[in-house]
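Got the structure open in your viewer? Clear any old selections and follow along, one pick at a time.

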Amino acid sequence: MGRSSKDKRDVYYRRAKEEGWRARSAYKLLQINDDFDIFGGVKKVVDLCAAPGSWSQVLAKKLRGAAGAESDAKIVAVDLQAMAPIPGVIQIQGDITKKSTAQAIIGHFEGEQADLVVCDGAPDVTGLHDIDEYIQAQLLLAALNITTHVLKSGGTFVAKIFRGKDVTLLYAQLKIFFPEVTVFKPRSSRNSSIEAFVVCQGYSPPEGYIPNMSNPLLDQQYDLDFNNLEGPNRVIVPFLACGDLSGFDSDMTYPLQLGEGESYTYHSPTQSPINPPYKEACELRRSDRLVKPSASVLTSADEDRQGVDSGQLGAGGAVGGCGDSGSGDIVSGSSQKSVEKTVNVDAVSGSVRDLVIK
Ligand SMILES: C[S@@+](CC[C@H](N)C(=O)[O-])C[C@H]1O[C@@H](n2cnc3c(N)ncnc32)[C@H](O)[C@@H]1O
């Protein structure tokens, strides 16, 4: 498989590299803004789960200008993973479900409030859908909890959501804080993925609500009968799918649009992750110490269900990764120690998504 095959297959992946975005996710935020104008009048913003940084790039460009210095808009970006610097973006490395990280973020807004909080958080794939959906919900609620500490009244919160079976609980909880909650599926997000984004506008917490990091919002006692509620007892969220059909369809393949006699110029990934957790697996692969699978190959349907768009892999959806050209999902075993390693490698970039050691 050639280096450009992914470029041919995924127009958003290709364009991200050509236009200098670190991940194809950049288009999701841009498309959300096209429909909801979330950047209008924004001076302070928090980007949760930000690595490798394409949303922060979008925010810096839109709010601080191309060089990141044309205005004093404040952008605070947070992720578990280290992220290469972006001019004009304050970075915090930490877990958003931890109180200490929340406090560090809040510290940057001492006496001030954010106009916008965005969260593109996605958990590491386990392959167990219920668990993945649950962890994704926890991330969203951790993001919401941080939001209740920093967002100004009337502000906007945008977050990735997995439309799993218990998603109505999340809608109901978001509706407690925002009068307007819309689920949006940007065109750059694959239809086959259960990923969507909630756009929550007009922040207005219940009267008397006091933000408190010690009280997680997700009640573990969630009543299973909730899904059977009808009418006003059940919160209905407007669902807006592919609002603008003029954009590229992320499930389509587009030709490279070359002029006559013109040859294709390959663009390297804009910014590879600097110290990703799968680094060791990449090194093993480069030195040919990963063995081809005998069985047990993860399907792309499995990946998509986790909300992982191929081409947005490794440390938070980087375009690129550690390798040049990949060879698919690989399983390797070490017979000497009876240890089995399951390694899921991106088909093109060669970046390893999951390394499971049994
Ligand atoms: C899809 S990526 C985000 C891509 C990013 N919006 C961009 O445009 O480059 C998801 C990110 O969530 C981060 N993440 C997952 N769990 C987290 C947690 N508990 N705290 C902070 N970040 C987390 C991952 O490290 C990963 O970088």
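Start by selecting Trp 55, which sits in helix H4; keep in mind that this is a predicted model. Trp 55 counts as buried because 31 other C-beta atoms lie within 10 Å, and the cut-off is 20 or more. Leaving out residues up to four places away in sequence, show what Trp 55 touches: Ser 25, Ala 26, Leu 29, Asp 47, Ala 50, Val 118 and Asp 120.

Now jump to Asp 120, in the loop between S4 and helix H6 (129-150). Asp 120 is buried too, because 27 C-beta neighbours fall inside 10 Å. With the same sequence neighbours left out, its contacts are Ser 25, Cys 49, Trp 55 and Lys 160. An unreviewed UniProt entry lists Trp 55 and Asp 120 under "binding site", along with Gly 53, Asp 79 and Asp 95, so colour those five if you like.

Next, select the whole of H4, residues 54-64. How many of its eleven residues are buried? Nine, so the helix is mostly covered. Among them are Val 58, Leu 59, Ala 60 and Leu 63. Turn on the surroundings and you'll find the buried residues packing against helix H3 (26-36) and strands S1 (44-48), S2 (74-79), S3 (89-93) and S4 (114-119). Just past H4 comes Gly 65, with a positive phi near 85°.

Last stop: H3. Its buried residues include Ala 26, Tyr 27, Leu 29 and Ile 32. The buried residues of H3 pack against H4 and S4, and also against helix H2 (11-19) and strands S5 (151-162), S6 (180-185) and S7 (195-201). After H3, click Asp 37: its phi is positive as well, near 50°.

Key:
Residues are numbered from 1 along each chain as its sequence is written. This is a predicted model: local features need pLDDT of at least 70, side-chain atom pairs count only at pLDDT 80 or more; totals for chains, interfaces and linings use all residues. A residue is buried if 20 or more other C-beta atoms lie within 10 Å of its own, exposed if 12 or fewer, and partly exposed in between; C-beta atoms are placed from the backbone. Helices (H or I, at least four residues) and strands (E, at least two) are DSSP runs, numbered from the N terminus. Two residues are in contact if their C-beta atoms, placed from the backbone, lie within 7 Å. UniProt positions are given in the numbering used here, feature names are shortened, and annotations may be inferred rather than shown by experiment.
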